[in-house]
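Colleague: Could you take a close look at one part of this model for me, namely the enclosed spaces and what surrounds them?

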Amino acid sequence: MNESFVIGLDFGSDSVRAVLVDSKNGQILASEVYWYPRWKKGAYCDPKINQFRQHPSDHLEGLEYTIKAILTQSGVNPTTVKAICVDTTGSSPMAVDQQGESLAFHPEFAENPNAMMILWKDHTAIAEAEQINELAKNWGGEDFTKYEGGIYSSEWFWAKILHVIREDECVKNTAYSWMEHCDYITSQLIGCKDLHKLKRSRCAAGHKAMWHESWGGLPDKAFLGTLDPYLSDLKERLYTQTYTSDFAAGRLGTEWAEKLGLSTDVVVSVGTFDAHAGAVGGQIAEGTLIKVMGTSTCDIMIADKAKLGNQLISGICGQVDGSVIPGAIGLEAGQSGFGDVLAWFKDLLLKPSIELIEQSKSLNEQQKTKLKRELEDQILVKLSKEAMALPVSESKIVSLDWINGRRTPDANQSLKGAIRNLTMGTNAAQVFKSLVESICFGSKTIVDRFRQEGVAVNAVIGLGGVAKKSPLVMQTLADVLNMPIKAASSEQAPALGAAMYASVAAGIHPSIQVAISTMGSGYDQIYEPIPSHVRIYQKRYEEYVSFGQFIEMGKVPRTSNTLKNLPKLEEDVSI
């Protein structure tokens, strides 16, 4: 095989990463990360109302910087780079003009958050999601949520658009159409100015926009028009067909070829979501749950179409033909908060200290900078060490991981986090350990739901920063699930998976399965469950479930034999 290199471009919540991969063996020759500067400053965001927006300049500047950097680092001949694939967060839509350009680049919208990309974690559309769910169940026609787990989320495409157009007439009247982040970046790379010719992502459309081939694409105009006449009209300016990421969307356009120093012969594949690309990079197989663990989680499985048949999996985030592996049904679940839960606690502890350091008259600026960096770098390391040393049986604290709402099972973004059984003797490490347990209990509810719906979960593979950096989380997860957990070797599994898609779109490999077997990097650690911990965590998991029922419903069912001996919760809840 002649030298053929491919690029995977992975847009996360905080940064974008590019990797240059040798298609013949999966070796990563170079990688580079770009942290979004506007996002880092909190621009266009308001956490108090769960508003999280990003300026597309962060993404386009990062695209250029990272690809140039990996080409320089590797020293490869640019003509040997054959393909690029983009994966992004989702659902992260943005309003665009008729040429497919973000409204954020129009002078009149330069500082308007509603013209920015609406990040996946933006939950301003809770009311709109509730309206979609109510209509879907009661309008008398097809239930367009049935392949979305039966519940539409405020994190997804239509709810976010509906919220923005109700809030901002200027954006509503100016936007020609709307695009998911993965489609937008792909269109930029190939220089597509005709939105009706762009090959849209099957992954994005199927999991977040209620696209399904059985009803001819997107939901019926009558359904959309009942929500708002704007949505009915918008459907005509969206798409009917969608494509899996082994298809080429086009070739690198002149503008970006010149910027990057690459050839216009470079194939750009159809875009996808980061978790689904991560599942490919993590070498997914039937019966294996790929857990992509970052700020949130996406839990991905695949199912044989013939075996699954017409079965609908309730309470998940969609089942879509080809969203992971072409020819198989991709199943998506996830948690709205995972690493974010731990980051919240870190910020809770650090913010007052950082502010005091900044105001200090005893330290010079260099000392302030050094001390702040040490605190930020070491606080979670210290808490993790102290939490690891705590006996599993010691703590009675039970936490809920819903500080960013709940994604699966049964999406409900209005839910809030809670902590139970705090005392005057409770310390930071104990709370931190309880939060770690809570995100692992949230993971168990997903595994339990898949099994209840008849989908076998025989193995679990962890990907992402948490999987690589936190033995505490990984060991706790193994104990809670009572299953061995493999940690993938690659630190850039989504970017590697995107590169695998690119290799197939360019014709280097004949299928995704061949690309996985050729380019996969394997696993570097296995966490085995500790039997004594398993027994304790099973009981604490029951307390977690009961506590969650109390918070969600306002009462604890007393009928279950496994829960009947639990103490009354009304007396010891801290929210």
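Modeller: Before turning to the cavities, I would start with a helix: in this predicted model, the buried residues of α11 are D274, A275, H276, A277, G278, A279, V280 and G281, so that 8 of the 8 residues in this helix, which spans 274-281, count as buried, with under 20% relative accessible area. Just after α11, Q283 adopts a positive phi of about 65°.

As for enclosed space, the structure contains 2 cavities of 30 Å³ or more. The largest cavity holds about 60 Å³ of space, and its lining is made up of F157, W178, E180, D183, R200, S201, A204, A205, A209 and Y239. At least two residues of that lining come from each of β8 (177-180), β9 (200-201) and α7 (202-208). By residue class, the lining of the largest cavity comprises 6 nonpolar, 1 polar and 3 charged residues.

The second largest cavity, with a volume of about 50 Å³, is lined by R202, G206, W211, H212, E213, Q319, V320 and D321. Here α7 and β16 (319-321) are the elements that give two or more residues to the lining, and β16 gives the most, with 3 residues. The lining of the second largest cavity divides into 2 nonpolar, 3 polar and 3 charged residues. Helix α7 therefore deserves your attention when you inspect the two linings together, since α7 supplies at least two residues to the largest cavity and two or more to the second largest.

Technical notes
Residues numbered from 1 in each chain as written. Predicted model: local features only at pLDDT ≥ 70, side-chain atom pairs only at ≥ 80, totals over all residues. Heavy atoms only, no water. Buried < 20%, exposed > 50% of the residue type's maximum accessible area, 1.4 Å probe, protein only. Helix = DSSP H or I, 4+ residues; strand = E, 2+ residues; numbered from the N terminus. 1 Å grid on protein atoms, 1.4 Å probe; cavity = no way out; pocket = protein on both sides within 12 Å on 5 of 7 lines; lining within 4 Å. Points joined across faces, edges and corners; volume = space filled by probe spheres on them. Nonpolar A, V, L, I, M, F, W, Y, C, P; charged D, E, K, R; others polar.
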